[in-house]
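Thank you all for coming. I would like to take a few minutes to walk through one model, starting with its charged side chains and ending with its nonpolar interior.

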Amino acid sequence: RVVMVLERRGFIQRRLGEDGYFLSNRMFDLANRHPPLSRLINLATPLMHEAARSATQALHMAILDSTSIRIVAQVDSPAPFGFRLRVGTKNPAMATASGRLLVALQTPVVQDWVMEDMRRNWPPQEAEALARRTRLIRSRGYEMVTGESLQGITDVSFPLIDGSGFAQAALTMPYLAATRQTVGFDQACEIVFRAAETITRMLGG
């Protein structure tokens, strides 16, 4: 009966030819109306547009969603080509630059919870390597990795820290080099870092 109500109200949908259900975009839309998330998106989006234009790279913003990350905002590169993640995309936190950064800059309780989940579900050697990497990220304050999402792309993630001193979100640039690149990698990183720094100040961090 509960399932029927959820389906009727559009919160879950059934795939054609299958018995199972999946969450609809309506649930994500509801989350976006939650005041703290809505405020974050409203603050960050204009600065993301400005940084993407200056760096000539796409940008996306992610938050922790249980032990995963969810993309809550995305801005395309002004260049004719680039890499983008669709808003609403969800991935395991420890498998992404954004996620590892977010986990590294959470409270010890949240960190332990995510790490325990990872150790239950990942091969032991890989889990320990990621745990060590997360400690390194915490000490340096950002994450950078090449070829993790796609060959030729370097993901660079900076934290958006609120008044609690912990990361509320991560701002990530999937840097894609081009033959006629007008903005180099180091300069693009600096642009995105400054945008993250400004958003952090606006959040009280």
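Does Glu 148 count as buried, partly exposed or exposed? Please keep in mind, as I answer, that what you see is a predicted model. Glu 148 has a relative accessibility of 34%, so it counts as partly exposed. Its partner is another matter, because Arg 100, at 1% relative accessibility, counts as buried. The side chains of these two residues meet in a salt bridge, with a distance of 2.9 Å from N to O. Glu 148 sits in the loop between β6 (143–146) and β7, while Arg 100 belongs to helix α4 (residues 97–104), so this pair ties together parts that are 48 residues apart in sequence.

That salt bridge does not stand by itself, since Arg 100 and Glu 148 are linked with Arg 133, Arg 140 and Glu 143 in a network of salt bridges. Within that group, the side chains of Arg 140 and Glu 143 meet at 2.7 Å, N to O. Here Arg 140 is partly exposed, with a relative accessible area of 32%, whereas Glu 143 is buried, with a relative accessible area of 0%.

The count of salt bridges comes to ten, and I would like to show one more of them, between Arg 120 and Asp 117, where the closest N and O atoms are 3.6 Å apart. These two residues are three apart in helix α5 (residues 108–121), and therefore about one helical turn separates them. Arg 120 is exposed, at 59% relative accessible area, and Asp 117 is partly exposed, at 22%.

Let me turn now to the nonpolar side. In soluble globular proteins, nonpolar side chains tend to be buried together. In this model the largest nonpolar core has 32 residues, and those that touch the most other members are Leu 40, Met 61, Leu 160 and Leu 171. Two or more residues come from each of α3 (35–55), β3 (59–65), β4 (68–75), β7 (153–161), β8 (167–176) and α7 (185–203), with the largest share, ten residues, coming from α3. Apart from this core lies another one, of 19 residues, including Leu 101, Leu 102, Leu 105 and Met 115.

And which residues does Leu 171 touch, if we do not count those up to four places away in sequence? Among them are Met 48, Leu 59, Val 156, Phe 158, Leu 160, Val 192 and Ile 199, and the list also includes His 60 and Ser 157.

Methods
Residues numbered from 1 in each chain as written. Predicted model: local features only at pLDDT ≥ 70, side-chain atom pairs only at ≥ 80, totals over all residues. Heavy atoms only, no water. Core = buried A, V, L, I, M, F, W, Y, C linked by side-chain atoms within 4.5 Å. Buried < 20%, exposed > 50% of the residue type's maximum accessible area, 1.4 Å probe, protein only. Helix = DSSP H or I, 4+ residues; strand = E, 2+ residues; numbered from the N terminus. Contact = heavy atoms within 4.5 Å. Salt bridge = Lys/Arg side-chain N within 4 Å of Asp/Glu carboxyl O.
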